[in-house]
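Colleague: I've got a model open and I'd like to learn how to read it. Can you walk me through the sheet, the helices and the ligand site?

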Amino acid sequence: MSQTAAVSTVEVDLPHLSSGKVRELFDLGGDGLLFVASDRISAYDVVMPQAIPDKGRLLTGMSIFWFGATSDICPNHYVPTPLENLPRAAREDLAALGGRHMVVRRLEMLPVEFVVRGYLVGSGWKDYKRTGAVCGIALPPGMREAEQLPEPIFTPATKATVGHDENISEAQAADLCPPGTLKIARDYAVGVYRRAADYARNRGIILADTKFEFGLDPASGEVTLADEVLTPDSSRFWPADRWEPGSTPPSLDKQYLRDWLDAAAWDHSPPAPDLPPDVVDRTRAGYVEAYERLTGRTFDA
Ligand code: Q0Z
């Protein structure tokens, strides 16, 4: 399979608004923003020295797929836009980025992470073992690690500017948002999770949990789904055939990388060790598999 060089730095001739660990946001002027996914990858919260070829394109393709598959549930920020309609300065850069970008509507973002969990894992499992509840939501006794919850639960978190997001109560989340908006966004988040989890399960993937962001569209006042959605970077994807309650299944995308890093005895402080080519290739294969199983399309590098 042919594969283009990995894009770890993103150059676009537009005003730069913000940088995440693995993605960038640019200003298109007016009500438009340009959202760009690089091929960078992080593990244990540290960006790796090597990028994963096509990762940005695979994740962008997944987000766009899900925006289409859930647009009957809630409005979203994605604005399909031919390159010809973008500023001349950015057009060539974007052609070179090859499918790593989305034009999105500029929203007034709600300052809350909308986390939905369908399985008992990670901090949820830790919470449950200690208290019998997850983020204050009581669960049946005797549940095992990675077991499916009776119903998906909404566990809001603050957006930490440094360090990790902090779980908060639904009442605290509501206080941070304009009146009436939290419940609308919460119901959208749970509805989109249910749709996606059912869909993925039929294609051999368990969507254990996921994180959404919402904003208000200034034009319509509507609560609108934003950011990337239902990608391996914003969610836990497990291969269904490896799921067995009692222990956490491997991550479809990052398990090979994490196992290699663990074997390398890296202490998780930067810099991360250089990744050998087979680790890059095997990791890329996990993203391709997620994309192909979920979208039903073959990925054509
Ligand atoms: C998203 C982020 C980064 C990518 C702001 N539609 C929107 N309207 C207003 N703001 C945002 C969005 Cl998506 C927005 N982020 C997070 C940071 C690259 C996304 F550096 N920040």
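Modeller: Sure, and keep in mind that this is a predicted model. Let's start with pairing: two strands count as paired if DSSP finds at least two bridges between them. Here, strand S3 (residues 32-37) and S6 are joined by 5 bridges and run antiparallel. Within that pair, Gly-32 sits opposite Arg-105 in S6.

Colleague: In what order do the strands of the open sheet come?

Modeller: The order is S1-S2-S3-S6, so 4 strands in an open sheet with antiparallel pairing. Strands S1 (16-19) and S6 (101-105) are at the edges with a single partner strand each, so one side of each has no neighbour in the sheet. From one strand to the next, the twist averages 25°.

Colleague: Which strands does helix H1 lie across?

Modeller: H1 (residues 55-69) lies across S3 and S6, at about 40° to S6.

Colleague: And how do I judge whether a helix such as H5 has the expected length?

Modeller: Compare its end-to-end span with 1.5 Å a residue. H5 (residues 181-201) has 21 residues and reaches 30 Å from first C-alpha to last, close to the expected 30 Å. Its buried residues include Leu-182, Arg-186, Val-190 and Tyr-193.

Colleague: Which residues are closest to the ligand?

Modeller: Ser-18, Gly-20, His-77, Arg-105 and Leu-107, out of 15 that surround the ligand. For polar contacts, look for N or O pairs within 3.5 Å. A side-chain N or O atom of His-77 is 3.0 Å from a ligand nitrogen. With Arg-105, a polar backbone atom is 2.8 Å from a nitrogen of the ligand, and for Leu-107 a backbone N or O atom lies 2.9 Å from a ligand nitrogen.

Terms used
Residues numbered from 1 in each chain as written. Predicted model: local features only at pLDDT ≥ 70, side-chain atom pairs only at ≥ 80, totals over all residues. Heavy atoms only, no water. Helix = DSSP H or I, 4+ residues; strand = E, 2+ residues; numbered from the N terminus. Axes fitted to C-alpha atoms, helices over the stretch in contact; angles between N-to-C directions. Contact = heavy atoms within 4.5 Å. Expected span 1.5 Å × (residues − 1). Buried < 20%, exposed > 50% of the residue type's maximum accessible area, 1.4 Å probe, protein only. Near = heavy atom within 4 Å. Polar contact = N/O pair within 3.5 Å; in protein donor to acceptor, adjacent residues only side chain to side chain.
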